[in-house]
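Open your viewer, set the cartoon representation, and keep the selection box handy. We will walk through this model one selection at a time.

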Amino acid sequence: MGADVTAYAPDGRKIVLQAKRYGGTSKVTGPDLQRFGGTCYSVHGARVAAVVTTSTFTKQAREYAAHHGIRLLDGPGLAAWAGRTGPAPWH
């Protein structure tokens with residue numbers, strides 16, 4: 001149902017993440033975000049919804065995420081979070 005990880009932020013907010021492991025020129029698309037957006041809040045009860053990818057996002061995906069409050073982490077953002085040099089998706 002679209003949730004790969006469910007967790008809680010230090011302040012207690014429920015976080016729902018979807019992970020997309022894409023390589024090469026593949027990008028996370030608008031329809032990918034729409035499917036996740038249809039369940040992250042209503043089904044999973046997210047207070048923070050985020051999609052993380054090893055790749056990038058299309059313009060349509062970024063626009064959808066901005067309109068629906070879904071946070072995005074692309075490959076460099078994911079690496080920064082993992083390396084503790086960048087913010088976590090709930091910040």
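This is a predicted model, and the tour begins at its largest nonpolar core, a set of 13 residues. Select Leu33, Phe36, Cys40, Ala49, Val51, Phe57 and Ile70, which have the most contacts inside that core. Now colour by secondary structure: helix H1, strand S4 (48-53) and helix H2 each contribute at least two residues to the core. As a general background, nonpolar side chains in soluble globular proteins tend to be buried together.

Next, show a second core, which lies apart from the largest one and has seven residues. Ala9, Ile15, Ala88 and Trp90 are among them. We will come back to Trp90 later.

**Leu33 and helix H1**

Return to the largest core and centre on Leu33. Which residues does Leu33 contact, leaving aside its neighbours within four places in sequence? Display Val28, Val51, Phe57, Ala61, Tyr64, Ala65, Ile70 and Leu72 to see them.

Then select the buried residues of H1: Gly30, Asp32, Leu33, Phe36, Gly37, Thr39 and Cys40. Their packing partners are strand S2 (14-20), strand S3 (27-28), S4, strand S5 (56-57), H2 and S6.

Pick out Thr39, which sits in helix H1. Thr39 has a relative accessible area of 13%, under the 20% cut-off, so it counts as buried. Beyond four places in sequence, Thr39 contacts Met1, Gly2 and His44.

**The H1 and H2 pair**

Show H1 (residues 30-40) together with H2 (residues 59-68): their axes are 7 Å apart, and the helices pack at an angle of about 25 degrees. Because angles under 35 degrees count as roughly parallel, H1 is roughly parallel to H2. For the contact itself, select Gly30, Pro31, Leu33, Gln34, Gly37 and Gly38 on the H1 side, and Gln60, Ala61, Tyr64 and Ala65 on the H2 side. By class, the residues of this contact are five nonpolar, five polar and no charged.

**Arg71 and Trp90**

Move on to Arg71 in strand S6 (residues 70-73). Is Arg71 buried or partly exposed? With 29% relative accessibility, Arg71 counts as partly exposed. Setting aside residues within four places in sequence, its contacts are Arg13, Val48, Ala49, Ala50, Val51, Pro89, Trp90 and His91. Try a distance label between the C-alpha atoms of Arg71 and Pro89: they are 6.5 Å apart in space, though 18 residues apart in sequence.

From Arg71, step across to Trp90, in the segment after H3. Trp90 touches Ala9, Pro10, Arg13, Ile15, Val48, Arg71 and Trp81, not counting residues up to four places away in sequence. A C-alpha label from Trp90 to Ala49 should read 8.2 Å, for a pair 41 residues apart in sequence.

**Both ends of helix H3**

Last, select helix H3 (residues 75-82) along with Asp74, which caps the N-terminal end of this helix. A side-chain oxygen of Asp74 lies 2.9 Å from the backbone nitrogen of Gly77.

Just after H3, look at Arg84 and its backbone torsions. What sign does phi take at Arg84? Phi is positive, about 60 degrees, although Arg84 is not a glycine. Turn on the surface to finish: Arg84 is exposed, with a relative accessible area of 79%.

Definitions and conventions. Residues numbered from 1 in each chain as written. Predicted model: local features only at pLDDT ≥ 70, side-chain atom pairs only at ≥ 80, totals over all residues. Heavy atoms only, no water. Axes fitted to C-alpha atoms, helices over the stretch in contact; angles between N-to-C directions. Helix = DSSP H or I, 4+ residues; strand = E, 2+ residues; numbered from the N terminus. Parallel < 35°, antiparallel > 145°, perpendicular 65-115°, else oblique. Contact = heavy atoms within 4.5 Å. Nonpolar A, V, L, I, M, F, W, Y, C, P; charged D, E, K, R; others polar. Core = buried A, V, L, I, M, F, W, Y, C linked by side-chain atoms within 4.5 Å. Buried < 20%, exposed > 50% of the residue type's maximum accessible area, 1.4 Å probe, protein only. Polar contact = N/O pair within 3.5 Å; in protein donor to acceptor, adjacent residues only side chain to side chain.
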